[in-house]
Amino acid sequence: MSGVRPLRAGLLGLGMMGRHHARVLAGLEGVELVAVADPSGDVHGVAGGRPVESDIQSLLAHGLDYCVVAVPAVHHEEVGLTLAAAGVHTMIEKPLALDSGTARLLAAAFRAAGLVGAVGYVERYNPALQQARRRVAAGELGELYQVVTRRQGPFPTRISNVGVVKDLGTHDIDLTAWVTQQSFVSVAARTAHRSGREDEDLVAVVGQLSGGTITNHLVNWLSPFKERVTVLTGTKGAFVADTLTADLSFFANGKVVEPSWDQIANFRGVTEGDVVRYAIAKPEPLRVEHEQFRDALLGKDADIVTMDQGLATVRVTEAVLEWAHTSQTVDATLD
C-alpha cells in the first residue's frame, strides 16, 4: 500500500477485547492507530505512546477515518450515532445492540450517512469456519441437513450487562447464517438461571433456516471446560469445526451400494466412511477481521459482518428469549 495515505483509526474501549484490537490495529498494514479512548484510562498499557482520551468527542478530535468500538453494548447506541453523525466508518463489537430497535436505528444511521458499518463477530473469521463456508458453498456436503453448535465454558468475569444468549449465543447465530448462507426463520428455546444472576447463563435452541436446514445450539457459562464446536451434516457426510484449535475434519458417508431387500429392512442410517482432517493455514481471526474491514473501506472485495446482518442476529436473540419466556413459537424474520 505504498504511496497511499494510511487510514487513521481510533479505538474506543480498552478492556478485554479492546486491548486485542489495539494490538492488531497497531501493526495493521495501511492503517495508523492515531489515538485510543477509555474513561478508565489505559489500564492494560496498550496505547504504545499514543494519546489516551477519556471520551468519544476527544477521540474524534484526532481526525479519524474509522473507529473500532469495544465498549459495553449498553453504550453502543450513543457512541454509534455520534460516530455516524461525525462521518466516521465504524466497527462495533458484538452484539450490535441489546435490542432490535436500537440495532435498526444504528444500521439506518450508517446507511443514511453512506458509511461502512460493521459488527465485530471474530468467530466468523476462524480458519476452520472459513474453510467450512467455502466447502459448503462448493457442494462438498451436498444438501445441508443440520447445523449443531456447542459453546460452553466457565463464567467470564468481563460480563456484566447481558446473558449468555446475547453474548456467546450471538456468535453461533451469526456463524450459522453465514456458513450456510441461510437466514433463521423460526426458533424455540429453553433457558436457565443457575449462577444467581438476573440474566440467563444457559440456553438450548432449536431453529430452522430459510433453506430448510435444522439448527441446534447449546450455550452456557456453567461448564468447567471450554468447548467451541460446530457440526454441519449433509447428504455426503459431516464437517466438524473446532474453533479452539482451528481444525476442520470431514467425516464421509460410507460407500453407497445397491441395497438388497434384507438391507433395506435392516437399514439404520448412513455408514461410516473415511475421516479427513484438513491441513489449513491458520491466520489470527481478529487480524483477518480487521483486514477485511480495512479492505471494505478501501472499496475492495471484503467479507464483513454488516450492521444489517448484526440487526438480524439481534432479532433472532430476541426471538430465542421470547420463546424461552412464553413457550410460544416466534417468527425470527425481520419485518
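The exchange below concerns the nonpolar cores and the cavity of this predicted model.

Colleague: Which strand gives the most to the largest nonpolar core?

Modeller: The largest nonpolar core has 52 residues, and those with the most contacts inside it are Leu25, Tyr66 and Leu83. Six residues of this core come from a single strand, residues 31–37, and the strand that gives the most is β2.

Colleague: How many residues are in the other core that lies apart from it?

Modeller: Among the members of this other core are Ala128, Leu129, Val147 and Ile280. Lying apart from the largest core, it has a residue count of 18.

Colleague: Which residues does Tyr66 touch, not counting residues up to four places away in sequence?

Modeller: Tyr66 is one of the residues with the most contacts inside the largest nonpolar core. With residues up to four places away in sequence left out, Tyr66 touches Leu7, Arg8, Ala9, Gly10, Leu25, Leu28, Val31, Val88, His89, Phe293 and Leu297.

Colleague: What is the volume of the largest cavity?

Modeller: The structure holds one cavity that reaches the cut-off of 30 Å³ or more. For the largest cavity, the computed volume is about 70 Å³.

Colleague: Which element gives the most to the lining of the largest cavity?

Modeller: At least two lining residues are supplied by each of α6 (165–180), β8 (184–192), β9 (202–209), β10 (214–220) and α9 (307–326). The lining includes Val165, Gly169, Asp172 and Ile173, and with four residues the element that gives the most is α6.

Colleague: How many nonpolar residues does the lining of the largest cavity have?

Modeller: Phe184, His217 and Val320 are among the residues that line this cavity. By class, the lining has one charged and two polar residues, while the nonpolar ones number nine.

Methods
Residues are numbered from 1 along each chain as its sequence is written. This is a predicted model: local features need pLDDT of at least 70, side-chain atom pairs count only at pLDDT 80 or more; totals for chains, interfaces and linings use all residues. Side-chain values use heavy atoms; hydrogens and water are left out. A nonpolar core is a set of buried Ala, Val, Leu, Ile, Met, Phe, Trp, Tyr and Cys residues joined through side-chain atoms within 4.5 Å. Buried means under 20% relative accessible area, exposed over 50%, partly exposed in between (1.4 Å probe, protein chains only). Contact means heavy atoms within 4.5 Å. On a 1 Å grid over the protein atoms alone, a cavity is a set of points where a 1.4 Å probe fits but cannot get out, and a pocket is an open set with protein on both sides within 12 Å along at least five of seven lines; lining residues have an atom within 4 Å of a point. Grid points are joined across faces, edges and corners, and a volume is the space filled by probe spheres set on the points. Ala, Val, Leu, Ile, Met, Phe, Trp, Tyr, Cys and Pro count as nonpolar, Asp, Glu, Lys and Arg as charged, and the others, Gly among them, as polar.
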